[in-house]
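Visitor: I have a model open and a few minutes to spare. Can you walk me through it?

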Amino acid sequence: MSRYRLQPKPAQETALLEHCGHARYVWNLAVEQHAHWRPGLKSGPGFAEQCRQLTEARAEFGWLRGGSVVVQQQALKDFAQAMANFFAGTHRRPTWRRRGRGEGSR
């Protein structure tokens, strides 16, 4: 994966940080959902179920609807891959993302 350093104008920077905030919010909700999962219980929601829940949340919350659905769904895809890597034993369990630390999205 390539990485690029952007030099946005102030208005563009505000929009990009808003996209990062939405992606972080969706990621943290997915982490919270899977934190309640325990072995022996029904499995946590998968990517398709989380996308359906995202659609419902976007219909309910205007601030979330204002962001890009592509960025938000990509955060869910990244989370699903992170969980697959965790269960494969190659990575640690996904954790919360904090504002201002490693902000980014795909």
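Guide: We can take the overall layout, then the core, the surface and the charged side chains.

Visitor: Fine. What kind of model is this?

Guide: It is a predicted model.

Visitor: How many helices and strands does the chain have?

Guide: The chain has 4 helices and 0 strands. Along the sequence the pattern reads α-α-α-α.

Visitor: And the dimensions of the box?

Guide: Along the principal axes, the C-alpha atoms fill a box of roughly 50 × 35 × 20 Å. The accessible surface is about 7900 Å², and carbon and sulfur atoms account for 54% of that.

Visitor: What share of the residues counts as buried?

Guide: Of 106 residues, 26% count as buried.

Visitor: Let's go inside. Which residues touch the most other members of the largest nonpolar core?

Guide: Val26, Trp27, Leu54, Leu76 and Phe79 do, in a core of 15 residues. Helix 1 (10-35), helix 2 (47-60) and helix 4 (69-88) each supply at least two residues of this core. Helix 4 gives the largest share, 6 residues.

Visitor: Stay on helix 4. Which of its residues are buried?

Guide: Val71, Gln72, Gln74, Ala75, Leu76, Asp78, Phe79, Ala82 and Met83 are buried there. The buried residues of helix 4 pack against helix 1, helix 2 and helix 3.

Visitor: How far apart are the end C-alpha atoms of helix 4?

Guide: They are 29 Å apart. With 20 residues at 1.5 Å each, helix 4 should span 28 Å, so the two values agree.

Visitor: Back to Trp27. What is it in contact with, leaving aside neighbours within four places in sequence?

Guide: Ala75, Asp78, Phe79, Ala82, Pro94, Thr95 and Arg97. Among these partners, Ala75, Asp78, Phe79 and Ala82 are on the buried list of helix 4.

Visitor: Do another one, Arg24. Buried or exposed?

Guide: Arg24 counts as buried, because its relative accessibility is 17% and the cut-off is under 20%. Arg24 sits in helix 1. Beyond its neighbours within four places in sequence, Arg24 is in contact with Arg97, Arg98, Arg99 and Glu103.

Visitor: What about contacts across the whole chain?

Guide: Take contacts between residues at least 6 apart in sequence. Of those, 62% join residues at least 24 apart.

Visitor: Now the outside. Which residues make the nonpolar surface patch?

Guide: Tyr25, Leu29, Phe61 and Trp63 make a patch of about 360 Å².

Visitor: Where is Phe61?

Guide: Phe61 is in the loop between helix 2 and helix 3 (62-65). Its relative accessible area is 33%, so Phe61 is partly exposed.

Visitor: Switching to charges. How many salt bridges are in the whole structure?

Guide: A search finds 2. Side chains of opposite charge can pair when their charged atoms come close. Glu49 meets Arg52 at 2.4 Å, N to O. Arg52 also meets Glu56, at 2.3 Å, N to O. Glu49, Arg52 and Glu56 are thus linked in a network.

Visitor: How are those residues spaced in helix 2?

Guide: Glu49 and Arg52 are 3 residues apart in helix 2, so about one helical turn separates them. Arg52 and Glu56 are 4 residues apart, which also means a separation of about one helical turn.

Visitor: What are the relative accessible areas of the three?

Guide: Glu49 is at 30%, Arg52 at 40% and Glu56 at 46%. Each counts as partly exposed.

Conventions. Residues are numbered from 1 along each chain as its sequence is written. This is a predicted model: local features need pLDDT of at least 70, side-chain atom pairs count only at pLDDT 80 or more; totals for chains, interfaces and linings use all residues. Side-chain values use heavy atoms; hydrogens and water are left out. A nonpolar core is a set of buried Ala, Val, Leu, Ile, Met, Phe, Trp, Tyr and Cys residues joined through side-chain atoms within 4.5 Å. Buried means under 20% relative accessible area, exposed over 50%, partly exposed in between (1.4 Å probe, protein chains only). Contact means heavy atoms within 4.5 Å. Patches are made of residues with over 30% relative accessible area and no salt bridge: like charges are joined within 9 Å, nonpolar side chains (Val, Leu, Ile, Met, Phe, Trp, Tyr) within 5 Å. Accessible areas come from the Shrake-Rupley method with a 1.4 Å probe; for residues, only the protein chains shown count as cover. A salt bridge is a side-chain nitrogen of Lys or Arg within 4 Å of a carboxyl oxygen of Asp or Glu. The expected span of a helix is 1.5 Å times one less than its number of residues.
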